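Thank you all for coming. Please have a look at the model on the screen before I begin, and keep it open while I talk.

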Amino acid sequence: MPVPSADFKKALKRLSEPEKEALLLRAVRRDAELYETYRFELLADVTLGQIQEETADRIHELFNVAVTGRLLNRSLVKAVRASMQEAARARRITKNKQLEIDLLLYILRQCIDNYSGQFDSVYDGFYRATARLAAKLPALVLKSLHEDLWVEYKDDIDEILRQLHSRSKSHNLSFELPRKLEIPE
C-alpha cells in the first residue's frame, strides 16, 4: 500500500467538499472492502455483530455452493480457503482479531458438523485443509487475544482438535496438529 506523499496531501486539502465526496464515492465503488470499511466506521447502525453475521452468511453460502460441485472434496477445500479469506477480510474491515477467531471457529464447526464424512474420503485434501486451520487457531488465540479470553476458547478448540485426532488420517499429516490448546501459566 503506497504511503501518501506530502504533495498528495496538499492537493487533497485544496479540493472542495463536493470534489472530496466525489473522489471518495468513486473509490468505494471500485473497492468493495474499502466500502465495507468506511460503512463500518461511518455508519452508526453497522455494528460488529452485523459484520460478523454478514460474514457468517457468506461463509455458509460458500459451503452450500461447494456441495453442488462435481468433486465434493476439492470443492470443500476451495470453500475452506475462501471462508478463511472472508474471515481475514472481516478482520481487516473491523480491526478486530477476536472476530476473525470467532469466524475461524465457525468455519471449523461447519466442516466438522456438516462434512465430517468427507474426512474418511480417499482424497485427503479437505481433511488436511481443516486440520491446517485447526492447527493455526491455538497459536492465533494465544497471540492475538488477551489472556483472560483464552479460557473461553479452550473447550471449543480442544473439542475440534479431539475430533480431528480421532481420524486415522491425523497420523499422516506433514505438520504438527496440537492435541489441545496449551494455556501458558
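I will go through one helix, then the ring pairs, the salt bridges and a few places on the surface.

A word on how to read what I say: this is a predicted model, so local features need a pLDDT of at least 70 and side-chain atom pairs count only at pLDDT 80 or more, while totals for chains, interfaces and linings use all residues. Residues are numbered from 1 along each chain as its sequence is written, and side-chain values use heavy atoms, with hydrogens and water left out.

Let me begin with helix H8, where helices are DSSP runs of H or I with at least four residues, strands are runs of E with at least two, and both are numbered from the N terminus. Helix H8 covers residues 150–165, which is 16 residues, and it reaches 21 Å from its first C-alpha to its last, close to the 22 Å expected at 1.5 Å a residue; that expected span is 1.5 Å times one less than the number of residues.

Which residues of H8 are buried? By buried I mean under 20% relative accessible area, by exposed over 50%, and by partly exposed anything in between, with a 1.4 Å probe and protein chains only. The buried residues of H8 are Trp 150, Tyr 153, Ile 157, Asp 158, Ile 160, Leu 161, Leu 164 and His 165. What covers these buried residues includes helix H6 (97–115) and helix H7 (125–144), and contact here means heavy atoms within 4.5 Å.

Asp 158 deserves a second look, since its side chain takes part in a salt bridge with Lys 154, the closest N and O atoms being 2.8 Å apart. A salt bridge is a side-chain nitrogen of Lys or Arg within 4 Å of a carboxyl oxygen of Asp or Glu. Asp 158 and Lys 154 are 4 residues apart in helix H8, so they are separated by about one helical turn. In general, an α-helix has 3.6 residues a turn, so residues three or four places apart point the same way. Asp 158 is buried, at 17% relative accessible area, whereas Lys 154 is partly exposed, at 21%.

How many salt bridges does the structure hold? There are 10, and I would like to show you two others. Glu 86 and Arg 58 meet through their side chains at 2.7 Å, N to O, and this pair links distant parts of the chain, with Glu 86 in helix H5, Arg 58 in helix H4, and their positions 28 residues apart. Glu 86 counts as buried at 18% relative accessibility, while Arg 58 counts as partly exposed at 31%. Glu 100 forms a salt bridge with Arg 91, with the closest N and O atoms 2.8 Å apart; Glu 100 is buried at 8%, and Arg 91 is partly exposed at 26%.

Now to the aromatic rings. Rings of Phe, Tyr and Trp (its six-membered ring) pair if their centres lie within 6.5 Å, and planes under 30 degrees apart count as stacked, over 60 as edge-to-face and the rest as tilted. The structure holds 3 aromatic pairs. Phe 63 and Tyr 115 form a stacked pair, 5.7 Å centre to centre with 20° between the planes, and they link distant parts of the chain, because Phe 63 lies in helix H4 (residues 48–67) and Tyr 115 in helix H6, 52 residues apart. Phe 63 is buried, with a relative accessible area of 0%, and Tyr 115 is buried too, at 12%. The rings of Phe 119 and Phe 126 have their centres 5.3 Å apart and their planes at 25°, so this pair is stacked as well. Both Phe 119 and Phe 126 are buried, and ring pairs link Phe 119, Phe 126 and Tyr 127 into a cluster.

Finally, let us turn to the loop between helix H5 (72–94) and H6, which is the place of Lys 95. Is Lys 95 buried or exposed? At 61% relative accessibility, Lys 95 counts as exposed, and its phi is near 60°, a positive value in a residue other than glycine.
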